[in-house]
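This briefing sets out the main features of a single protein chain, arranged by topic. Please consult the sequence and the structure alongside the text.

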Amino acid sequence: MFVLVEHYVNDVQRFWSAVRHAIPVRTERVALHHCFPTPDGSHAVCVWEAESIRDVRSFVETYIGHASRNLYFPVENAAGTSLPSDVEIPGEEMVGS
């Protein structure tokens with residue numbers, strides 16, 4: 001599954017220093033695909049892949065939980081751009097025609 005994490009950074013230097021140390025850590029449980037920080041480093045959105053949100057939360061909180069408030073969401077990503085699969089969208093049958 002893909003997990004999006006929103007980071008609300010309360011200590012920019014500590015957060016990004018911890019990120020720098022966490023990125024090279026290799027684990028079979030989680031994989032970081034994308035990290036999109038704001039220019040001032042006060043906020044970031046990252047996309048992870050793991051078997052569960054719990055796995056991502058455990059990894060992230062271990063490294064950077066002390067320097068940010070983090071929100072976790074399961075997201076869908078079939079081909080880079082996705083629509084929610086549980087939402088009936090009017091006219092959906094016309095997409096891709």
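Is Asp55 buried or exposed? Asp55 is buried, because its relative accessible area is 11% and the cut-off for burial is under 20%. The model under discussion is predicted, and the points below place Asp55 and its salt bridge with Arg29 alongside the fold, the nonpolar core and the surroundings of His7.

**Fold and overall surface**

- The protein chain contains four strands and two helices, and their order from the N terminus is β-α-β-β-α-β.
- The protein chain has 97 residues, 28% of which count as buried.
- Of the contacts between residues at least 6 apart in sequence, 65% link residues that are at least 24 apart.
- The protein chain has an accessible surface of about 6,800 Å², and carbon and sulfur atoms account for 55% of that area.

**Nonpolar core**

- The largest nonpolar core comprises 17 residues, and Trp48 and Val56 have the most contacts inside it.
- At least two residues of this core come from each of strand 1 (2-9), helix 1 (12-22), strand 3 (43-50) and helix 2 (53-64).
- Leaving aside residues up to four places away in sequence, Trp48 touches Met1, Phe2, Val3 and Val5, as well as Val30, Ala31, Leu32 and His33.
- The residues touched by Trp48 also include Val56, Phe59 and Val60.

**Salt bridge between Arg29 and Asp55**

- One salt bridge is found in a search of the whole structure.
- This salt bridge brings together the side chains of Arg29 and Asp55, with an N to O distance of 2.7 Å.
- Because Arg29 is in the loop between helix 1 and strand 2 (30-37) while Asp55 belongs to helix 2, the pair ties together parts that are 26 residues apart in sequence.

**Surroundings of His7**

- His7 is located in strand 1.
- With a relative accessible area of 2%, His7 is buried.
- The side chains of His7 and Asn70 are joined by a polar contact of 2.7 Å.
- Beyond residues up to four places away in sequence, His7 touches Phe15, Ser42, His43, Ala44 and Cys46.
- Further residues touched by His7 include Val60, Ile64, Ser68 and Arg69, along with its polar partner Asn70.
- Val60 is touched both by His7 and by Trp48.

How values were computed
Residues are numbered from 1 along each chain as its sequence is written. This is a predicted model: local features need pLDDT of at least 70, side-chain atom pairs count only at pLDDT 80 or more; totals for chains, interfaces and linings use all residues. Side-chain values use heavy atoms; hydrogens and water are left out. Buried means under 20% relative accessible area, exposed over 50%, partly exposed in between (1.4 Å probe, protein chains only). Contact means heavy atoms within 4.5 Å. Accessible areas come from the Shrake-Rupley method with a 1.4 Å probe; for residues, only the protein chains shown count as cover. A nonpolar core is a set of buried Ala, Val, Leu, Ile, Met, Phe, Trp, Tyr and Cys residues joined through side-chain atoms within 4.5 Å. A polar contact is a pair of N or O atoms within 3.5 Å; within protein, one must be able to donate a hydrogen and the other to accept it, and residues adjacent in sequence count only if both atoms are side-chain atoms. A salt bridge is a side-chain nitrogen of Lys or Arg within 4 Å of a carboxyl oxygen of Asp or Glu.
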